[in-house]
Protein chains: 2
Amino acid sequence: MKISNNCKLLIVSTSTVFGKPYLSYLNDEIPHFFDGVEQIVFIPFARPDGITWDTYTKIARNYFTSIGIKLKGVHEFPNMKDALRNAQGIFTGGGNSFLLLNTLYELGLIDPLKEVINDGTPYMGTSAGSNILGQTIGTTNDMPIVYPPSFDALKIVPFNINPHYLDPHPDSTHMGETRETRIKEFLVFNNIPVAGIREGGYFRVEKGNIQYLGDRPLRIFKQGEIPFECLPNEDVSFLIK
Amino acid sequence: MKISNNCKLLIVSTSTVFGKPYLSYLNDEIPHFFDGVEQIVFIPFARPDGITWDTYTKIARNYFTSIGIKLKGVHEFPNMKDALRNAQGIFTGGGNSFLLLNTLYELGLIDPLKEVINDGTPYMGTSAGSNILGQTIGTTNDMPIVYPPSFDALKIVPFNINPHYLDPHPDSTHMGETRETRIKEFLVFNNIPVAGIREGGYFRVEKGNIQYLGDRPLRIFKQGEIPFECLPNEDVSFLIK
């Protein structure tokens, strides 16, 4: 499996890092990534905290307006498929991955979204919006609050994503599974590499290349291998080869 | 919705509390609950850490042998449905709820299990084994490592269970959703009360009554209501009325 040479992706772990306003830690990256884009189409279906599509779109619009880019919710267009096909850039926000994927299936938007991303429309996802770029949503942290027709995701990248990757708290007395244990259980049943992206980290994919950026290392899990760390700017091309 | 008067259940949040051997914190409760039972049928399908059915059965057998009760894995019988129908007592261990439920569906064991529990076979579940007693597995903490044919669970109790319920760490800088946020998102889409059982807590259900026991309060979530706490031994009969 490979990645389309046309793909232009920003695969972000979290929209918000502790103590900073929404997306602001990416203030250098986002305008550069969406260079030349006048208007973003926003996909609000992950509905964090159960907020409405409209409310979520306003939050995203506030940010993008502040960096000089217009933003419109995909549901604000007369035809959502056409909205994606004509988009100059797409942003999918975080929330619940089951709800996001289920809504994309319900509205028949999986294939149009795959097509435009593979054809080169710049796509940025945060959290659940990143999760759906992988092979399946099988490594989401979210609760299964709705039952989607499949766990198959957009399959844009040949690996799975675990956003908000979390190391165990050293003083924890909690006996629930650690994130690492959960991902290892996934690998018992699925031969798909998993990128555990800690908050603050992200991938930039462009012209068939992938870069890992941010301020903390990335953790990679593969079936039958010991998990390992990759530093920002380290070569992670093995993920797409 | 009500609960069958015949049901005899031990709905346990976690098999293991910090610093103590497997199930040992329930050493007073379990022999009393399974009083008169000579042999337990164990359901090992949740496979924590991906261990095999045999390995998991050995772990459970070691504990039950130590309290003078024989234990046999349901897969060690020539016919699993008959094994459940003839069981004197049933224990389902924790692990991954998606895998547990999926395996029960695949093996055609959902209906036989529902029948014997509703007919009065004493049933104890820990973690995922408790989760499946609810209406759906929609409030599990587990990763969706396999795709079950439905999220519908055994529907023995008229509410959902969130085992290993976890309060936010006061010093946390992590931006992933808290457990409470996740359950509130569930309630936006599902009108099913949720019992968040902290580690160390459990329900005992018998003769149409439900008791909450353990050393920490229970947290209850209902659609359109502010979540609230119930102390051990407080009246929680509203959960089954």
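**Helix α7 and the contact between chains A and B**

In this predicted model, I start with helix α7 of chain A, whose buried residues pack against three strands of the same chain: β6 (160–165), β7 (194–198) and β10 (218–221). The helix runs over residues 179–189, and eight of its eleven residues are buried, so we can call α7(A) mostly covered. Here is the list of the buried ones: Arg179(A), Glu180(A), Thr181(A), Arg182(A), Ile183(A), Glu185(A), Phe186(A) and Leu187(A).

A general point about helices may help when you look at that list. An α-helix has 3.6 residues a turn, so residues three or four places apart point the same way.

Now to the interface. How many residues does each chain bring to the contact? Chain B gives 47 residues, and chain A gives 47 as well. The area buried between the two chains is about 3,800 Å². Carbon and sulfur atoms give 64% of that area.

Next, the polar side of the interface. Two salt bridges are found across the interface of chain B and chain A. The side chains of Asp142(A) and Arg182(B) meet in a salt bridge, at 3.2 Å from N to O. There are also 22 residue pairs in polar contact across the interface, with both residues at pLDDT 80 or more.

Which elements of chain B supply at least two residues each to the side that touches chain A? They are α4 (97–106), β6 (160–165) and α7 (179–189). The largest share, eight residues, comes from α7(B). By type, the residues on this side of chain B divide into 20 nonpolar, 19 polar and eight charged.

Note on methods: Residues are numbered from 1 along each chain as its sequence is written. Chains are lettered from A and ligands numbered from 1 in the order in which they are written. This is a predicted model: local features need pLDDT of at least 70, side-chain atom pairs count only at pLDDT 80 or more; totals for chains, interfaces and linings use all residues. Side-chain values use heavy atoms; hydrogens and water are left out. Buried means under 20% relative accessible area, exposed over 50%, partly exposed in between (1.4 Å probe, protein chains only). Helices (H or I, at least four residues) and strands (E, at least two) are DSSP runs, numbered from the N terminus. Contact means heavy atoms within 4.5 Å. Buried area is the accessible area (1.4 Å probe) that two parts lose on being put together, summed over both. A salt bridge is a side-chain nitrogen of Lys or Arg within 4 Å of a carboxyl oxygen of Asp or Glu. A polar contact is a pair of N or O atoms within 3.5 Å; within protein, one must be able to donate a hydrogen and the other to accept it, and residues adjacent in sequence count only if both atoms are side-chain atoms. Ala, Val, Leu, Ile, Met, Phe, Trp, Tyr, Cys and Pro count as nonpolar, Asp, Glu, Lys and Arg as charged, and the others, Gly among them, as polar.
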